[in-house]
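Q: I'd like to learn how to read a structure I've never seen before. Can we go through it feature by feature?

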Amino acid sequence: MDLKWLEDFRVLARTRHFSRAAEEQNVTQPTFSRRIKMLEDEIGVMLIDRNTLPLSLTPAGKLFLEASERISRDLREAREQCLDLERAEAEKLRFATNQTLYLSFYPDWVAQFSDEIDLSLNLNSTSWIGADFCQALEQGECDLVLCYWHPSIDFLRPLEGRDFQYQTIDHERLMPVTAVDEQGQPRFRLPGFDAAPLPYIGYNDSTFLYPVIADHLRKVEQLPHLLQVNQNSQAISVKAMISQGYGVGWLPQRLLLQGGDQGLVAAGDDSWAIDLELRLYRSRSNLSPQLEKLWQRVLTQASPTLKIVRG
């Protein structure tokens, strides 16, 4: 059934005249009459008594008029609710972050803003590779990117240009860890030996942490002796492999604390740890009032001892 027929019928029921009803509906009288007839055929009963002047409704027509008004009212209310929902969704800030930060940092951090700013996390982003975050922000597919930052992460450099802004909102430390042996001692210890390199659980080269660790290992005073036995795109998978005793690897300190460290211990002294920034990026061309509101909140909520850096 064409919903326009319901409107035609209500207009005809009010005007009681085919010509006037057709004029209100901006159609010719033959077209209007044909649509009323198609409505009656669809319902299966006569709705209009054409033998009276002015026209009148049959008993079935009176009943159907009430139903059509109710249907129209319900549709109008549903449409308004849908529009309200669409407007609310459009006002949400679209957030993107990787899986590790989503599990270990995002929920607690965002809770301080959620009372007055509506945020929507794109859960698909937790499986993105590093460069995907830059592309999504550049193409307007998200409003904010929360990620690790280190000078060695080359694919983030486009976001440090004049078209984007960032704030350093916290810091993280990558820790070299290992499972323990039967005596409760570290199963593997850095730097290892040339004759017996340590099995190494690493990250894929498309991740945030791969270039950071590679850069650090090139600069440490002691040459590490590592044999890579596994690569992963997610730190939670690296953690699981290390916990099972398959090798040594680097994990964000927050991830070690989140959900328990699973018996992992340090695999080396502090010289093997790596410091990172947690940065929040946005596009300067995004003029969303919600985004600006959050940006100012982030700035004021930051710790007084935390250096805020803006592009």
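Q: Let's start with a single residue. Where does Arg16 lie?

A: Keep in mind that this is a predicted model. To place a residue, look at the elements on either side of it. Arg16 lies in the loop between α1 (3-15) and α2 (18-24). Its backbone is worth a look too: phi is positive, about 55°, although Arg16 is not a glycine. As for cover, Arg16 counts as partly exposed because its relative accessibility is 32%.

Q: Which other residue has a positive phi although it is not a glycine?

A: Try Asn26, with a phi of about 60°. You'll find Asn26 in the loop between α2 and α3 (29-43). Its relative accessibility is 70%, so Asn26 counts as exposed.

Q: And in helix α1, is Asp8 buried or exposed?

A: Asp8 sits in helix α1, and with 0% relative accessibility it counts as buried. To see what surrounds a residue like that, set aside its neighbours within four places in sequence and check what is left. For Asp8, the contacts are then Gln25, Phe32, Arg35 and Ile36.

Q: Let me zoom out. How many helices and strands does the protein chain have?

A: There are eleven helices and eleven strands in the protein chain.

Q: How do I read the overall shape? What radius of gyration does the protein chain have?

A: Set the value beside the one for a compact globule. With 311 residues, such a globule would have a radius of gyration near 19 Å, but here the protein chain has 32 Å. The spans along the principal axes fill in the picture: the C-alpha trace covers about 105 × 45 × 30 Å.

Q: What percentage of the residues in the protein chain is buried?

A: Buried means under 20% relative accessible area. By that cut-off, 45% of the 311 residues in the protein chain are buried. The accessible surface of the chain comes to about 16700 Å², and carbon and sulfur atoms account for 50% of it.

Q: What about contacts along the chain: how many of them join residues at least 24 apart?

A: Count contacts between residues at least 6 apart in sequence, and 74% of those join residues at least 24 apart.

Q: Now charges. How many positive and negative charges does the protein chain have?

A: The protein chain has 33 positive and 43 negative charges, and the mean positions of the two sets are 7 Å apart. Next, ask which opposite charges pair up. The count comes to 15 salt bridges.

Q: Which residue does Glu172 meet in a salt bridge?

A: Its partner is Arg254, at 3.5 Å from N to O. The next step is to check where the two partners sit. Glu172 is in strand β6 (residues 164-178) and Arg254 in helix α10 (residues 253-257), so this pair links distant parts of the chain, 82 residues apart. Glu172 is buried, with a relative accessible area of 4%.

Q: Arg173 is in strand β6. Which residue does Arg173 form a salt bridge with?

A: That would be Asp270, with the closest N and O atoms 2.5 Å apart. Asp270 lies in the loop between β10 (265-266) and β11 (274-283), so the pair ties together parts that are 97 residues apart in sequence. Arg173 counts as partly exposed, at 22% relative accessibility.

Q: What separates Asp215 and Lys219 in helix α8?

A: About one helical turn separates them, because Asp215 and Lys219 are four residues apart in helix α8 (residues 209-219). They form a salt bridge too, with the closest N and O atoms 3.2 Å apart. Compare the cover of each partner: Asp215 counts as buried at 12% relative accessibility, whereas Lys219 is exposed at 60%.

Q: Which residues are linked in a network of salt bridges?

A: Glu160, Glu277 and Arg279 are linked in such a network.

Q: One last feature, the peptide bonds. Which peptide bond is cis, with omega near 0°?

A: Check omega at the prolines. The bond from Leu53 to Pro54 is cis, with omega near 0°, and Pro54 lies in the loop between β1 (48-49) and β2 (56-57). The bond from Leu190 to Pro191 is cis as well, with omega near 10°. Pro191 is in the loop between β6 and β7 (198-203).

Technical notes. Residues numbered from 1 in each chain as written. Predicted model: local features only at pLDDT ≥ 70, side-chain atom pairs only at ≥ 80, totals over all residues. Heavy atoms only, no water. Helix = DSSP H or I, 4+ residues; strand = E, 2+ residues; numbered from the N terminus. Rg over C-alpha atoms; globule rule 2.2 N^0.38 Å. Buried < 20%, exposed > 50% of the residue type's maximum accessible area, 1.4 Å probe, protein only. Contact = heavy atoms within 4.5 Å. Areas by Shrake-Rupley, 256 points an atom, 1.4 Å probe, with all protein chains shown as cover. Lys, Arg positive; Asp, Glu negative; His and termini not counted. Charge placed at Lys NZ, Arg CZ, Asp CG, Glu CD. Salt bridge = Lys/Arg side-chain N within 4 Å of Asp/Glu carboxyl O.
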